[in-house]
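Colleague: I would like a close look at one part of this model before going further. Please start from a single contact and work outward.

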Amino acid sequence: HIHSRSALECAYRTHLIAGIGFYQHLLLYVQSHYQLELHSSIDWTHVTDPLIGHKKLVTASAKEMEWAQMACHRCLMYLGDLARYQNELAGVDTEQLAERFYYQSLSVAPQVGMPFNQLGTLAGSKHYNVEATYYYLRCIHSEVPFEGAYGNLKRLFDKAAKAYHQIRRTDVKKLSVNRQRSRDIKRLLGLSGLVPDLIASSEGGRPDSDAVSVSLLSPRFLRYPLFPRVGSVAVSNHPPTPSGLSQSSQSLWNRLSVLLNMLPEGSKMREPGLTFREGIVRLLNHCEEPDLVQAVLLPEDMALRYLPVLRTAHRKLKAEQISLTESTLEESVVRVCCIRSFGHFLARLQKNVLQYNAELGIFISISQLEEETLMEKAQAQFRMAEEEARRNRLMRDMAQLRLQLEVSQLEGSLQQPKCQSTMSPYLIPNTQAICQQLGSIRQLANSGRFIIIIPRTVIDGLDFLKKENSGARDAIRFLESEFKKGNR
């Protein structure tokens, strides 16, 4: 255990920061040296520095290029580990940063299951270990699994079994209705954690990949609603729809038709003020067709790559022809296009569950027992859509009022003197700040309330500017005097 604010903790934090800087530099160097194009895998790549000139192209074999790509994968893995270690320290929240690095390492090498194991470790015991169970199962059923995931998953199964049997032994007769409901939910979650283990026990070994893949796609293993989380690739490639579902789930098709009618058509999303790249424009042009070919992937598509149950859908994608969404706007457009195309696919089925009226431009659910005319159905669908839109506007207005109230309360609390102590004790000036605001930095350093951190890049920048900038020379003399006092 490291005591807070001790010299050991300071050294540990410094070591983690130095490690992150090292692997970030190594990642950029490998990309630049081997001219790797990873724009479709990670959201920050190397850029050519015009001050150092153009490097000669490296002639590398296919084996060396494969090694370079796996080196980038490992660098992203190590960056995720370092961010996860930082997250364990008090006052540092880098969980989302660690998750980002792990997912980017999966994008570079999706066949390797190690990042899923690390994501399971990062998830910890959240959501009754359901999230960690999902990640460990994904790791085990990857093309290159990590053996340690079996032990991690076994510990979760043992913990779930113990919790389930403990709840069964507890006397629940004296519990209130609310506590009884809470206990039933915990019991259900504990039982769901045993499902893959029961599958394995019944077959005398490890779970079958396809069977577990189906359970991974069930709502309890997903953090978001099932429809978008299954992945736009699976939706746009249209898995078979059970024939019995069309006869017994008319309410589902009614609600789906309302959703489809609320979503704009592809032509309506191409407003004059919006500009999209070629892949998005191609989706907008063909989203009203039942056989949409998707070349722009969503985050959920990347997360579900190499899942056995979706192997057929993903096999249609060629790595050199796909790209990732670059903004939340693009993600929304791709999702709308895939759902609209899925609606046209359903309307084309032999046993129709939906019908698309081209004249009115709407989807209408079909029921053999209904005797309403087409226009009456259309009016009913429009009324449902308007009611849903009105409800959404009301919820949005209420959320805006609540946000305004929270902002005003936050502004009032920031004016109180006690809030001044919540400022970060670490100050990291850049080259321009230390050249132009040296006096202020001296005062902050002498106050004893802050720790001034000077990165190596700032020192290099001062050394570069010292011949022409007097502020840079003053800053260098100030740093030298601080070093003589024993500061480091």
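Which side chain meets that of R84 in a salt bridge, and at what N to O distance?

Modeller: The partner is D81: the two side chains meet in a salt bridge, 3.3 Å from N to O. A salt bridge here is a side-chain nitrogen of Lys or Arg within 4 Å of a carboxyl oxygen of Asp or Glu. The model is predicted, with local features needing pLDDT of at least 70 and side-chain atom pairs pLDDT 80 or more, while totals for chains, interfaces and linings use all residues. Residues are numbered from 1 along each chain as its sequence is written, and side-chain values use heavy atoms, without hydrogens or water.

R84 and D81 both sit in helix 2, three residues apart, about one turn of the helix. Helices (H or I, at least four residues) and strands (E, at least two) are DSSP runs numbered from the N terminus. An α-helix has 3.6 residues a turn, so residues three or four places apart point the same way. R84 is buried at 10% relative accessible area, and D81 is buried at 12%; buried means under 20%, exposed over 50%, and partly exposed in between (1.4 Å probe, protein chains only).

Helix 1 has a similar arrangement to describe. R13 forms a salt bridge with E9, with the closest N and O atoms 2.7 Å apart; R13 and E9 both lie in helix 1, four residues apart, about one turn. R13 is buried at 18%, and E9 is buried at 6%.

Helix 1 (residues 7-34) and helix 2 (residues 62-87) are also tied together by the aromatic pair of Y23 and Y78, parts that are 55 residues apart in sequence. The ring centres of Y23 and Y78 are 5.1 Å apart with the planes at 55°, so the pair is tilted. Rings of Phe, Tyr and Trp (its six-membered ring) pair if their centres lie within 6.5 Å; planes under 30 degrees apart count as stacked, over 60 as edge-to-face, and the rest as tilted. Y23 is partly exposed at 22% relative accessibility, and Y78 is partly exposed at 36%. Ring pairs join F22 to Y23 and Y78 in a cluster. Across the whole structure, the search finds six aromatic pairs.

Helix 2 also takes part in the largest nonpolar core, which has 42 residues; L36, L76, L119 and Y135 have the most contacts inside it. A nonpolar core is a set of buried Ala, Val, Leu, Ile, Met, Phe, Trp, Tyr and Cys residues joined through side-chain atoms within 4.5 Å. Helices 1 and 2, helix 3 (95-108), helix 4 (114-123), helix 5 (130-140) and helix 6 (148-169) each supply at least two residues of this core. Helix 2 gives the most, with eight residues. A second, separate core of 25 residues includes L260, V296, V333 and L346. In soluble globular proteins, nonpolar side chains tend to be buried together. As for helix 5, 11 of its 11 residues are buried, including E131 and R138.

The cysteines come next. C72 is buried at 1% relative accessibility, and its sulfur is 6.3 Å from the closest cysteine sulfur, in C75, too far for a bond. The sulfur of C287 is 4.2 Å from the closest cysteine sulfur, in C337, again too far for a bond. With a disulfide taken as a pair of cysteine sulfur atoms within 2.5 Å, the count comes to zero.

Back to charges: the structure holds 17 salt bridges. Another of them joins E330 to R277, with the closest N and O atoms 3.0 Å apart. E330 lies in helix 17 (residues 328-347) and R277 in the loop between helix 13 (266-269) and helix 14 (278-286), so the pair ties together parts that are 53 residues apart in sequence. E330 is buried at 8%, whereas R277 is partly exposed at 24%. Salt bridges that share partners also join E387, E388, R390 and R391 into one network. Side chains of opposite charge can pair when their charged atoms come close.
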